[in-house]
Amino acid sequence: MALPLLRCCSCNRPVSILIRYFTSKSFSANRSRRLAPVASVVCDARQYSSERGRHKQNQKVVVIGVPNPFIWFRTRIYLFLIRAYFDKEFGIEEFTEGAKQAFSHVSRLLSQCKFEALEGLVAKDLIGKLEEKCAQLPLSHQRALSAESDAIMYTTTGDVGIYYDDSGRKYVSILMRFWYLSARLPDESMEGAKIFQVDIGGEGERPETKRLLTANYEFQREFTQGVTPDWIITRIEHSKLLD
């Protein structure tokens with residue numbers, strides 16, 4: 001059964017291997033250029049607690065918005081086509097879980113400027129660009145790139161693309177968007193950015209303030225017959241930090 005023509009582009013980027021240890025099922029928890037407009041933020045909540053003696057205080061972070069219905073519907077169609085024509089075992093829930101772990105690991109390496117460790121995880125041409133950008137960041141911004149797993153507030157699918165190059169090689173790309181809590185940054189360092197702050201602390205303690213930041217990571221996999229079925233990150237953006 002032939003796959004319907006969805007979108008075509010010339011994909012000349014080298015595809016390397018995305019390490020499989022992010023999940024127990026080889027990174028399957030197994031090209032659009034932009035996410036939906038600002039409205040494509042969904043709702044979620046995460047609870048934090050701090051306990052000293054018998055006192056316990058809970059703080060809740062809520063991300064609220066209205067998803068773009070066109071992007072949402074198109075994404076669901078593309079995810080169905082991936083399962084129907086490329087990988088019958090593909091599931092967006094498992095993929096999202098693996099993407100979160102990959103995001104946490106890669107963002108930590110970026111914050112530590114360990115670019116050699118990104119080989120096999122991130123496309124080679126992208127690593128050089130990231131190294132140039134990170135070299136221009138102040139230390140506080142480099143640290144803010146890191147997103148620990150328990151600091152990720154929400155994860156959602158941005159856009160999904162199916163591509164063919166001139167030689168008939170087939171690619172799938174999935175753009176993921178992450179909201180995560182970052183260490184405090186100087187107020188003047190984020191001028192023009194809409195920043196959410198969360199106070200975490202118990203009674204009588206000085207609250208710890210963190211900022212809610214966003215990041216976009218694009219994952220690509222080649223589905224040409226005979227090619228190793230691995231995902232690689234081909235795009236990295238940290239809003240107001242690493243655009």
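**Note on a surface patch and the salt bridges**

1. Start at the surface. Trp72, Phe73 and Ile77 form a nonpolar patch there, with about 330 Å² of accessible area together. Trp72 is found in helix α1. Its relative accessibility is 46%, so Trp72 counts as partly exposed. Keep in mind that this is a predicted model.

2. Next, the charged pairs. Side chains of opposite charge can pair when their charged atoms come close. The count here comes to 5 salt bridges. Three of them are taken up below, beginning with Asp159 and Arg74.

3. Asp159 forms a salt bridge with Arg74. The closest N and O atoms are 2.5 Å apart. Asp159 lies in strand β3 (residues 152–164) and Arg74 in helix α1 (residues 69–85), so the pair ties together parts that are 85 residues apart in sequence. Helix α1 is also where Trp72 of the patch is found.

4. How accessible are the two partners, Asp159 and Arg74? Asp159 has 3% relative accessibility and counts as buried. Arg74 is partly exposed, with a relative accessible area of 21%. The cut-off for buried is under 20%, so Arg74 falls outside that class.

5. Arg169 pairs with Glu222 in another salt bridge. Here the closest N and O atoms are 2.7 Å apart. Arg169 lies in the loop between β3 and β4 (170–182), while Glu222 is in strand β6 (residues 208–222), so this bridge ties together parts that are 53 residues apart in sequence. Arg169 is partly exposed at a relative accessible area of 32%. Glu222 is buried, at 5%.

6. Which residues does Thr224 contact, leaving aside its neighbours within four places in sequence? They are Arg169 and Lys170. Thr224 lies in the loop between β6 and β7 (231–238). Its side chain also meets that of Glu222 in a polar contact of 2.8 Å. Thus Thr224 touches Arg169 and has a polar contact with Glu222, the two partners of the bridge in point 5. At 18% relative accessibility, Thr224 counts as buried.

7. The last bridge for this note joins Arg235 and Glu237. Their closest N and O atoms are 3.2 Å apart. Arg235 is buried, with a relative accessible area of 10%. Glu237 has 24% relative accessibility and counts as partly exposed. In this pair the Arg is the buried partner, whereas in the Asp159–Arg74 bridge the Arg is partly exposed.

Definitions and conventions:
Residues are numbered from 1 along each chain as its sequence is written. This is a predicted model: local features need pLDDT of at least 70, side-chain atom pairs count only at pLDDT 80 or more; totals for chains, interfaces and linings use all residues. Side-chain values use heavy atoms; hydrogens and water are left out. A salt bridge is a side-chain nitrogen of Lys or Arg within 4 Å of a carboxyl oxygen of Asp or Glu. Helices (H or I, at least four residues) and strands (E, at least two) are DSSP runs, numbered from the N terminus. Buried means under 20% relative accessible area, exposed over 50%, partly exposed in between (1.4 Å probe, protein chains only). Patches are made of residues with over 30% relative accessible area and no salt bridge: like charges are joined within 9 Å, nonpolar side chains (Val, Leu, Ile, Met, Phe, Trp, Tyr) within 5 Å. Accessible areas come from the Shrake-Rupley method with a 1.4 Å probe; for residues, only the protein chains shown count as cover. A polar contact is a pair of N or O atoms within 3.5 Å; within protein, one must be able to donate a hydrogen and the other to accept it, and residues adjacent in sequence count only if both atoms are side-chain atoms. Contact means heavy atoms within 4.5 Å.
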